[in-house]
Amino acid sequence: MLDQVVFNVTYESNMDKALNIGLEAAKKHTKAFSHEVKSQPFVRMVFQASGVDIIARYYCPAKLVHDISSRITREIYNKIKESDDVDFAYPHIQLVDKKR
């Protein structure tokens, strides 16, 4: 079954690193059954209003979907919290005062 974990990072984040965090987490937690599925995990990115969605997609057995997505989510969370150049995005407004 094709499943995904989506997380949103700031525009200032290191996008290559964010993509790699998602991909490596998906690979790590689907490794045990990777020989049984159609393709390897992959990542995509989509612009959003307050950041960039990183989408880690992977195949896994239907009975394991919730467990695997939870493990991948935890892995991504921990890796981003350890990182100094990737940050979670959240809706906010930044005021810029441009005096001329």
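The following exercises, with worked solutions, concern a predicted model.

**Exercise 1. Strand β3 and its partners**

Task: Determine which strands pair with β3, in which sense, and over how many bridges.

Solution.
Step 1. β3 spans residues 51-59.
Step 2. The pairing of β1 with β3 is antiparallel and comprises eight bridges.
Step 3. Strand β2, residues 42-48, also pairs with β3 in the antiparallel sense, here over seven bridges.
Step 4. The link between β2 and β3 is a hairpin of two residues; in this pairing, Q48 is found opposite G51 of β3.
Step 5. Eight of the nine residues of β3 are buried, and the strand is therefore largely enclosed by the rest of the structure.

**Exercise 2. R57 in strand β3**

Task: Classify R57 as buried, partly exposed or exposed, and identify the side chain with which its own side chain makes a polar contact.

Solution.
Step 1. R57 belongs to strand β3.
Step 2. The relative accessible area of R57 is 26%. Buried requires a value under 20% and exposed a value over 50%, so R57 is partly exposed.
Step 3. Q4 has R57 as its bridge partner in β3.
Step 4. The side chains of R57 and Q4 also form a polar contact, at 3.0 Å.
Step 5. Beyond four places in sequence, the residues in contact with R57 are L2, D3, Q4, P41 and F42.
Step 6. Between the C-alpha atoms of R57 and S69, which are twelve residues apart along the chain, the separation is 9.9 Å.

**Exercise 3. N8 in strand β1**

Task: Establish whether N8 is buried or exposed, and find the polar partner of its side chain.

Solution.
Step 1. N8 lies in strand β1, which covers residues 2-9.
Step 2. The relative accessibility of N8 is 19%; because the limit for buried is under 20%, N8 counts as buried.
Step 3. A polar contact of 2.7 Å connects the side chain of N8 with that of D53.
Step 4. D53 is also among the contacts of N8 beyond four places in sequence, together with Q48, S50, G51, V52, D87, F88 and A89.

**Exercise 4. S83 after helix α2**

Task: Describe where S83 is placed and which polar atoms its side chain approaches.

Solution.
Step 1. S83 is in the segment that follows α2 (65-82).
Step 2. With 11% relative accessibility, S83 counts as buried.
Step 3. The side chain of S83 makes a polar contact of 3.3 Å with the side chain of K17.
Step 4. A polar atom of the S83 side chain is also 3.2 Å from the backbone nitrogen of V86.

How values were computed:
Residues are numbered from 1 along each chain as its sequence is written. This is a predicted model: local features need pLDDT of at least 70, side-chain atom pairs count only at pLDDT 80 or more; totals for chains, interfaces and linings use all residues. Side-chain values use heavy atoms; hydrogens and water are left out. Helices (H or I, at least four residues) and strands (E, at least two) are DSSP runs, numbered from the N terminus. Buried means under 20% relative accessible area, exposed over 50%, partly exposed in between (1.4 Å probe, protein chains only). A polar contact is a pair of N or O atoms within 3.5 Å; within protein, one must be able to donate a hydrogen and the other to accept it, and residues adjacent in sequence count only if both atoms are side-chain atoms. Contact means heavy atoms within 4.5 Å. Two strands pair if DSSP finds at least two bridges between them.
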